Amino acid sequence: MKTSRRAILFLLVLSLNGWAQISYYANYGFGVESPANSVRILGMGRAGVAVRDSMSLNQSNPALWQGFGSTSLQGQMYASTLSIPELDFKGKMVNFSGFAFKLPVGRRVGLAIGLAPLTRMKSSVSFADSLIFQGDKFEYNSTVELSGGISELYLGTGYRVSPNLAVGLKAQLLFGNYVVRNHTEIDSDNDLESYYKRTIAVDGNRITIGLLLSDHSQRYNLAATIEKGNKFKSSTFIENNYGPDTTIKSDPINFPTIIKVGINLPVTKNLALNADMQYGIYEADLFQKFYIFQQFKSDSRNSFAVGVGLEKSPGQAFKNTFLQKLYYRGGAYYQTEPVYLNSGIREYGITAGISLPFFYNLNRMDFALTYGLKNGFLSDEIGNEKILNIHFCITTGEPWFRKYKKH
Amino acid sequence: MKSSILWNIYKPYFDRVWSKLRYVKIDYRRTAAIFFCLLLFGCSEKIPTLPLNKNLCSFDSVSVSANFIMDTTIFAEPNIGFNSYLVVGTDDNLTAYSLLLFNTLGAPLDTLPLDKILSCELVLVTGNYLLNDTAIHPSLEMTIASMEGEGVADWSEDSTNSTNFSLENYSLTEWKTFTYSDADTLVLDLTIPFIAKWRDTTQSHYGIVIKPADRSDAGLGIIYSGETNYYPRIIISYKGNDGDTITTTLAGIEDVTITEFKKNLETLPQPLLISSGKAAYTFLKLRVEELITDKNLFIAGANLYLYVNSELTEDYGSSHTIYITLLDSAEWEGGSFSPSVSSYITSRTFSANDSVLTLKIPGTVQLFTSGNISNFGVALWISPSGLYPAMLGFYPSEDSNPARRPRMEILTMQEE
């Protein structure tokens, strides 16, 4: 109990320095990838495509969406800070990171629906200069603010074909808006302000197919998913100082294909090792065709990510202390991003997390803490980015729709 | 080694603080609620702003030649009766005289024997005479005459001007010629017979006129009008029945200046003129939308240059505020215009010492290029409440010398 007080005190102190997923690299491509995984996975080095979870929904693999222990609703949020010592910059932000609803349909089938952000962009750039026009000096200052991102509404099901094999299918409706606001102040005899707003609406759909292979006791798991985009397009709406432009430009986008493989291995009775590898296949000129602001056109490369994590689950003793009831996990990850401009973007970091089940193990609170270092083609200008994220998820469940065997 | 020494030094203090913390009773639910509140609301959002070395917008310049500028001068009836000044005099630019109408003589003055009237004085408060090119202060002389006649329409300060008024329609009786002096209060004795003439009911009376005397130097003098606290007035003194001296003041009820411009202002090609005394307005149609077809292009600068016609221009040493008003189709096509200081879009101070009038009108050009309004041109005018004898002249787009024609330079900005 004493230790639990310390844990809460630690979290309180931590919350005073809340953060969000922000980055100078957010201007490029689709923006910074948002952690749409469940918080449990995020605490294990982002590795969990093969990790079963009967209480809370593991969004990363629809093949896991069967054998649910409860009907549940979960919501997630995260906060993070970006610090760049070279620029003496510290930014903070809080974001909602989705919700999910799942329910069991018999013993072999489960259904899940949810909403989650995929990418997020929030940043601004500025430029100041002056020119001489007809003998008058024009000083101008342009500021461009970019915000938005892509989110997904997904609906999926998992089916346990046999104790060793499960498959799943997830249909995702992708949607979102990016907004570019360009504001230029011109300081001359006639002080003028220019306003320019461009909204890029994106929509499309994507399908994820999941596979889960297990040993007979379902302790060793091997999993794979493939996410394939389809019919993705962007439309541009322009609004200027003097009313909206009627021009609407619509372009098709080849959304990337993401392949993940993962493994879940028990090390001891209550300790499991998880490892994931992800490979994203991007069209080479994707971000030459799709960019939010002209200055942030870039090339693209296939992305790669790898994560490794350990999780210690609580023992089955009848009277566990508070700390003995917790799940503990930690991990590390490395990933590259698809944006490429003379060089790529790399991020590596460490993660930690805990989970607290409560009320008859049908409800759970998950926390994850990640600390990463990001560097890339802006490193010469800004140095390395230090990103500290705290994720929180709460799952509330009820034993509805679950069939119990009659003896 | 250093850290372990520090740790050993401060460990007792840490232990003491921690032991106190251990006995603090924590309400977990409340603590968790506080934690969430802090997490949600304790973060002030701050996003990174990256200073770029790449320009976020591009600039370009567009020249609008006289071929894309349509212009004309519109003459209307001047309406300067509400001006604070009355102008009297003559110079190369114009001849001006002022009409004044006073309250009628009431009892007992309308029947009082003339021998009981002691004096009749006209009081005028003057301003500073209008400067012209002559550095020498002129000796201005003015004549006061009463206006009588039969069957002549009454004049009014709201509608009478040089286009509908002529002194020749009146029978003038000159009463006094006086020398004008600057910034002075002039008390002018009008003699008793002036009262007798005023009371003569056999003819109609139309007030008095103050006009330049025949022998006056060239120049224009200023008298404060009835719109000010220094209004013209007639003070009459007479003996009452009890022998006491009684003084009555008659205030002016109407006054207006008639300005007759001397120069030929209507020549070909028609010069561009701006004057409130003449009621001349310059109409310009800047066909910028034909040159800038991208309606989203931002107009960062737009300088309209009008070259001063010094032969026609007389500003009397003062600067003038030129107003610019958008025209509608009826005004442009019909050539009618009623200026209003409540409806102009921009203004610019101008002095004839400048050889060119530069109007900076980026907002106006933006209205045309964006298609936000239809382009029926703009009117350039100066307020009738200003110095109305002034005449500002500019060379038109059809002037024989291309260098003197109006032109415009535009700076456009494209964001991204």
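In the predicted model, strand E10 of chain A (residues 257-266) and strand E11 of chain A (residues 271-281) are paired in the antiparallel sense over ten bridges. The two strands, E10(A) and E11(A), make up a hairpin, with four residues between them. Within this pairing, A:Val261 stands opposite A:Met277, a residue of E11(A).

Chain B contains five helices and 22 strands. Of its 416 residues, 37% count as buried. When contacts in chain B between residues at least 6 apart in sequence are considered, 86% of them join residues at least 24 apart.

An open sheet in chain B is formed by four strands in the order E2-E22-E16-E19, with antiparallel pairing. Its edge strands are E2 (57-64) and E19 (356-360) of chain B, each of which pairs on one side only. On average, and with direction ignored, neighbouring strands of the sheet are turned by 15° against each other. The pairing of strand E16 of chain B (residues 298-307) with E19(B) is antiparallel and comprises five bridges. In this pair of strands, B:Asn303 is found opposite B:Lys360 of E19(B).

A helix is associated with these strands as well. Helix H5 of chain B (residues 362-369) lies across E16, E19 and strand E22 (407-415) of chain B. The direction of H5(B) is at about 115° to that of E16(B).

A further helix of chain B, H3 (residues 192-199), was examined for the distribution of its buried and exposed positions. The buried residues of this helix are B:Phe194, B:Ile195 and B:Trp198. Because these buried residues fall within an arc of 100° when H3(B) is seen down its axis, they line one face of the helix. The face of H3(B) turned away from the buried side carries B:Pro193 and B:Ala196, which are exposed. The cover over the buried residues of H3(B) includes four strands of chain B, namely E6 (117-125), E7 (141-149), E8 (171-179) and E10 (204-212). Helix H3(B) thus presents B:Phe194, B:Ile195 and B:Trp198 along one face, with strands E6, E7, E8 and E10 of chain B among the elements that cover these residues, while exposed B:Pro193 and B:Ala196 are carried on the face turned away.

Note on methods:
Residues numbered from 1 in each chain as written. Chains lettered and ligands numbered in written order. Predicted model: local features only at pLDDT ≥ 70, side-chain atom pairs only at ≥ 80, totals over all residues. Buried ≥ 20, exposed ≤ 12 C-beta atoms within 10 Å, placed from the backbone. Arc of directions from axis to C-beta. Contact = placed C-beta atoms within 7 Å. Pairing = 2+ DSSP bridges. Axes fitted to C-alpha atoms, helices over the stretch in contact; angles between N-to-C directions.
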